[in-house]
Amino acid sequence: MSAPPPAPTPTPARTAGPPAGPSREPYAPGELPPGPRAPAAVQTVAFHRDPLGTLQRARDRYGDLVTVRLLLAGTLVECCDPQDARRVLDADPGTGQAGRARQGLLGMVSERSVLGGDGAAHREARARVAAAFVPAALEGLAPRVAALAAEHAASWPTGRPTRLLPRVRALCDDVFVRLVLGVEDPGRARALAGAVQRMLWTPGNPPTPVPGQQAGPLVQAAARAAFAQRSAAARRLLADEVRARRAAGRAGGGAVGALLADDALGVGDAVDQLLPLTMAGQEPPAAGLAWVLERSSRLPALDAGLRGSAPGGAWWRAAVSEVLRVRPPVHTAARVLVRDLPLASRTLPAGVVAAAPIVLLHRDPRAWEAPEEVRPERFLRDGRHVVDEVPAAAYLPFGGGARRCLGEPLTWLLADAALPAVLARIRVAPALARAERQVVRGTVLVPHRGALSVLHPA
Ligand code: HEM
């Protein structure tokens, strides 16, 4: 079947220029925008069970700036107007700090890493590994990604209910460890992929949030101890890899190779850099690919469109972009403000954690026509795949500004090479008629039953 034609009327692009408006009066010290009064524990459970619905209700009731209180993540000001959200993410690093915000949400990332660092520490950490993630560095990997995906998909059980999410996770881990980190020893690669999976495993339903700095010293200490234990095997294997390469006198390929080009970096430091990278490189793409399979199992036009269009072509990419809109793997990108930040209506004061609620912005009816419908053609113009011409401020699956996701090209490699290899081997049918809710599990949005499906040979 051929892919559906592009939509005739594109939605005009909007950009986040300097805010205009009647009042940009700052909040008084200690004052914050209004928000739900329920205790933090109640807000946390509601948010983790139904992040989109909870945010929609809060925005409808309190307006575009809403203060939410979450048990472990602390107090966040959700900036629900797309232009405001963009301003938060585009704020210069001297105004908004992403590393501190992530440490607040995710206590165990090193402050010297690309994920958890700020200022010079972040710039150095990002510069060390960036070369391993540019499209040119990944270009040649497509056949190996496709081969790994085919191998995994061939081992997935058919004819009985199975959860797709853990299987896609295992695939993403394998790709990351072997091809992106560049671990060549097959035994170590297998052990490391397994250790990464165990490190990131989150207990089932109800989903468990990850305690961050706001959680208080006792909870934080307990969480750190638990994570240290869980990540011990991955740390040891990463350290073994670093030592083996140093002993062989060559940095080797992939992200580990890029890091080890810096001779001054110690083994512990290298592991501190690699661990958050491995976390960031596994959970969101696994959730993203699982959602593409889950959505296509319930939407025949999407499934037929994917199967009938060229992998990596305009329609294919538009379809994946659209799934990332309706089911974004990362629900929020946040910054700790170290200076006041003027937004459209008010100025947020320094000290506040300002958040761009990605999951809510992607359904904003002011930006999207029929936001709940899956329409890949939103991302097509004259047969080209476009993301800059959609309402750009309301489409932020990879965040924005200086801290925008480093792994977008790798995500496209997985979407263009792994996904077709999987679809060529299996057909996915939902195991239960009722659609799966998107819930927060750890730090990502996943289908609440893990995309419980019955697979059939294609
Ligand atoms: C569907 C797939 C993915 C999604 C939706 C996603 C989403 C995001 C988001 C929303 C952020 C925060 C951006 C911000 O604060 O403005 C982020 C940051 C990041 N992502 Fe991804 N990501 C994906 C895949 C990956 C992959 C495959 C990697 C590979 C390592 C990766 C590495 C990173 C890193 C290192 C950062 C921090 C960048 C920095 O602060 O400089 N991501 N990602």
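I took contact to mean heavy atoms within 4.5 Å. On that basis I noted that Phe 176 touches Phe 133, Leu 181, Leu 277, Thr 278, Gly 281 and Leu 410, once residues up to four places away in sequence are set aside. The model I consulted is a predicted one.

**Entry: Phe 176**

I placed Phe 176 in helix H8, which covers residues 164-180. I then looked up its accessibility and found a relative accessible area of 2%. Phe 176 is therefore recorded as buried, since that value falls under 20%. I also checked a pair that is distant along the chain: Phe 176 and Gln 282 are 106 residues apart in sequence, while their C-alpha atoms are separated by 7.3 Å.

**Entry: the protein as a whole**

I counted the secondary structure next and recorded 17 helices and 14 strands. The protein has 458 residues, and 55% of them count as buried. I looked up the accessible surface, which comes to about 18600 Å². Carbon and sulfur atoms account for 56% of that surface. For contacts with a separation of 6 or more, I noted that 75% are between residues 24 or more positions apart.

**Entry: the ligand and its iron atom**

I asked which protein atom serves as donor to the iron atom of the ligand. The only protein donor is the SG atom of Cys 405, at 2.3 Å. I located Cys 405 in the loop between strand S10 (384-385) and H17.

I then turned to the surroundings of the ligand. There are 28 residues around the ligand, and those that come nearest are Arg 102, His 122, Arg 126, Arg 403 and Cys 405. Sorted by class, the shell holds 17 nonpolar, six polar and five charged residues.

For polar contacts I recorded three distances. A polar side-chain atom of Arg 126 lies 2.6 Å from an oxygen atom of the ligand. An N or O atom in the side chain of Arg 102 is 2.7 Å from a ligand oxygen atom. At Ala 280, a polar backbone atom is 3.5 Å from a nitrogen atom of the ligand. I next listed the elements that give two or more residues to the shell: helix H5 (119-130), helix H12 (267-280), helix H13 (283-298), strand S5 (333-337) and helix H17 (408-425).

**Entry: Gly 254**

I found Gly 254 in helix H11, residues 254-260. Is Gly 254 buried, partly exposed or exposed? Its relative accessibility is 30%, so I entered Gly 254 as partly exposed. With neighbours within four places in sequence left aside, Gly 254 is in contact with Ala 132, Val 180, Leu 181 and Gly 182. For one of these, Val 180, I looked up the spacing: the two residues are 74 apart in sequence and 5.1 Å apart in space, C-alpha to C-alpha.

**Entry: Thr 67**

I assigned Thr 67 to strand S1, residues 65-70. Its relative accessibility is 0%, so I recorded Thr 67 as buried. I asked where its side chain reaches, and found the backbone oxygen of Pro 33 at 2.6 Å. Not counting residues up to four places away in sequence, Thr 67 touches Leu 32, Pro 33, Pro 34, Gly 35, Pro 36, Thr 75, Leu 76 and Val 77.

**Entry: Val 352**

I located Val 352 in the loop between strand S7 (347-348) and strand S8 (353-356). Val 352 is a loop residue, and I noted that it is buried, with a relative accessible area of 8%. Outside its neighbours within four places in sequence, Val 352 is in contact with Leu 32, Val 77, Arg 335, Val 336 and Leu 337. I also looked up its spacing from Asp 340, twelve residues away along the chain, and recorded 8.9 Å between the C-alpha atoms.

**Entry: positive phi angles**

I checked the backbone for signs of phi that call for a second look. Most residues other than glycine have a negative phi. Ala 370 has a positive value, near 40°. I placed Ala 370 in the loop between helix H16 (358-361) and strand S9 (380-381). Asp 382, also not a glycine, has a positive phi of about 50°. Asp 382 is found in the loop between S9 and S10. I looked up the accessibility of Asp 382 as well, and entered the residue as exposed because its relative accessible area is 76%.

Notes:
Residues numbered from 1 in each chain as written. Predicted model: local features only at pLDDT ≥ 70, side-chain atom pairs only at ≥ 80, totals over all residues. Heavy atoms only, no water. Helix = DSSP H or I, 4+ residues; strand = E, 2+ residues; numbered from the N terminus. Buried < 20%, exposed > 50% of the residue type's maximum accessible area, 1.4 Å probe, protein only. Areas by Shrake-Rupley, 256 points an atom, 1.4 Å probe, with all protein chains shown as cover. Near = heavy atom within 4 Å. Polar contact = N/O pair within 3.5 Å; in protein donor to acceptor, adjacent residues only side chain to side chain. Nonpolar A, V, L, I, M, F, W, Y, C, P; charged D, E, K, R; others polar. Donors = N, O, S within 2.8 Å, 3.2 Å for Na, K, Ca; no water.
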